[in-house]
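Subject: Structure handover and notes

Dear colleague,

I am passing on the structure below, together with some notes on what was found in it. Please read the notes with the structure open beside them.

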Amino acid sequence: MECMTEITLNVGAGQTEKRVLLDLSLEELTEVVTGLGQPAYRARQIWEWVYKHYAVSFDEMANLPKTLREKLAAEWVISPLESAIRILSQDGDTQKVLFRLADGQTIETVLMLYDKRRTLCISSQAGCAMGCTFCATAQGGLARNLTSGEIVAQVLYFARYLAKADAEPPMDVERPTAVTNVVLMGMGEPMHNYRNVWTALRLLTDADAFGLGARHITLSTVGLIPMIDRMADEGLQIALAVSLHAPNDELRSSLVPLNSRYPVADLLAAVRRYIDKTHRRVTFEYALMAGINDSPALAEELAEKLSPLLCHVNVIPLNPIPDSPFQPTSDADTLRFVEILRAGGVPATVRLRRGIEINAGCGQLRQAAQRMAA
Ligand code: SAH
């Protein structure tokens, strides 16, 4: 806690029964607009306000007739998110927001400023059903899937924040003005909410909507094989990351329960099919836990299994979570692990620790907030 420079807590402003505009396609919005007796082109104007100017209220939409703005505002909200807690890291380059959804559920989104990139880590579910033993989100189980609007809204919220020169809180770095990268590595398993996630991804990459390059988006999965095959056929260049954390079934099943259903060999075969079809490099995530999955022998086993694949390993220092037996691997052992992978022909890097002091690890802020409320 001593590292935080700023925490903002918003007390709920009351839940709304209104419908959510971000859940609509352009076609559906056009139907709404024409249903109100307005010409179809008004839908495009609204669409631009929302996806290009990141409007959060109909009042901002200056080129719409006032009566239309009022009619829309009576029945619709643009975003379903309300920021409940905001935490800024001391160095000013990581910011985390806990959002409250209309039904009271909460999700986390983290903004990380790197040299040139402004990367947003977004959630795909409230909670998660996958039960990974080292993950904070898993501890509370799954509450529900996010709607596509709730997924897109996380990006638009920070796009608006970055675009506004006088946005609060100020970030203590040269002002970046746009979201450049999005990773689906927040709360939830994106492949377990496939339909809504892909509706959101299409809106985020559609040049007429948010317009972010697909290659700048990474979907991270614990390894739902049928969905990896499905993603290979999507025809959108979204990057795939697979959370491996162990090279064999015995160890992986103890860390990632889903492994009992989709074992390592089958998972790697699915990744191979994906690479053959898309010719895209896949990232494997490997969170190092002291004495659990960080031995030289495991590094060698991992290198042997991954070296035939067009891939890269992201070695992640474990984020320690409360009441967990898992501890991060030392820096020296981390380095040794990475060297063995490289020597075995597998490109590997250590992912920078970000937001540790602001509980930016998966699900940790939400958990802390729930504990405070209990
Ligand atoms: N469900 C998806 C995406 C969300 S988690 C997935 O499993 O890939 C994003 C990444 O953070 C995953 O690789 C996950 O295994 C990892 N992770 C979870 N808890 C962690 C912790 N305490 N420390 C480090 N990484 C963690």
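How far does a polar side-chain atom of H245 lie from an oxygen atom of the ligand? The distance is 2.6 Å, which falls under the heading of a polar contact, meaning a pair of N or O atoms within 3.5 Å (within protein, one must be able to donate a hydrogen and the other to accept it, and residues adjacent in sequence count only if both atoms are side-chain atoms).

Before the rest, a word on provenance. This is a predicted model, in which local features need pLDDT of at least 70 and side-chain atom pairs count only at pLDDT 80 or more, while totals for chains, interfaces and linings use all residues. Residues are numbered from 1 along each chain as its sequence is written, and side-chain values use heavy atoms, with hydrogens and water left out.

The ligand site

Two further polar contacts involve the backbone: a nitrogen atom of the ligand is 3.1 Å from a polar backbone atom of F134, and a nitrogen atom of the ligand is 2.9 Å from a polar backbone atom of N319. On its own the ligand has 530 Å² of accessible area, of which the protein covers 95% (areas by the Shrake-Rupley method with a 1.4 Å probe; for residues, only the protein chains shown count as cover). There are 19 residues around the ligand, and those that come nearest are G188, S220, S243, H245 and N319; a residue is counted here if one of its heavy atoms lies within 4 Å of the molecule. By residue class, this shell divides into 10 nonpolar, seven polar and two charged, where Ala, Val, Leu, Ile, Met, Phe, Trp, Tyr, Cys and Pro count as nonpolar, Asp, Glu, Lys and Arg as charged, and the others, Gly among them, as polar. Strand 11 (217-221) and strand 13 (282-288) each supply at least two residues of the shell; helices (H or I, at least four residues) and strands (E, at least two) are DSSP runs, numbered from the N terminus.

Aromatic pairs

A pair of aromatic rings is described by the distance of the centres and the angle of the planes. Rings of Phe, Tyr and Trp (its six-membered ring) pair if their centres lie within 6.5 Å, with planes under 30 degrees apart counted as stacked, over 60 as edge-to-face and the rest as tilted. By this rule the count comes to eight aromatic pairs. One of them is the tilted pair of W47 and Y51, with 4.6 Å from centre to centre and 50° between the planes. These two residues are four apart in helix 2 (residues 41-51), which separates them by about one helical turn. W47 counts as buried, at 4% relative accessibility, and Y51 is also buried, with a relative accessible area of 1%; buried means under 20% relative accessible area, exposed over 50%, and partly exposed in between (1.4 Å probe, protein chains only). For Y194 and W198, the ring centres are 5.6 Å apart and the planes stand at 25°, so this pair is stacked. Both residues lie in helix 5 (residues 194-205), four residues apart or about one turn of the helix, and both are buried. Elsewhere, ring pairs link F99, Y157, F158 and Y161 into a cluster.

A ring also takes part in a contact with a charge: the charged end of R117 sits over the ring of Y114, 4.6 Å from its centre (NZ of Lys or CZ of Arg within 6 Å of the ring centre and within 35 degrees of the ring normal).

Backbone and loops

Which sign does phi take in Y54? Phi of Y54 is positive, near 55°, in a residue other than glycine; Y54 is found in the loop between helix 2 and helix 3 (66-75) and counts as buried at 19% relative accessibility. D323, likewise not a glycine, has a positive phi of about 60°, but this residue lies in the loop between strand 14 (311-317) and helix 10 (331-343) and counts as exposed at 68%.

Finally, V222 lies in the loop between strand 11 and helix 6 (225-232) and is buried, with a relative accessible area of 6%. V222 and E189 are 33 residues apart in sequence, with 7.1 Å in space between their C-alpha atoms.

Best regards
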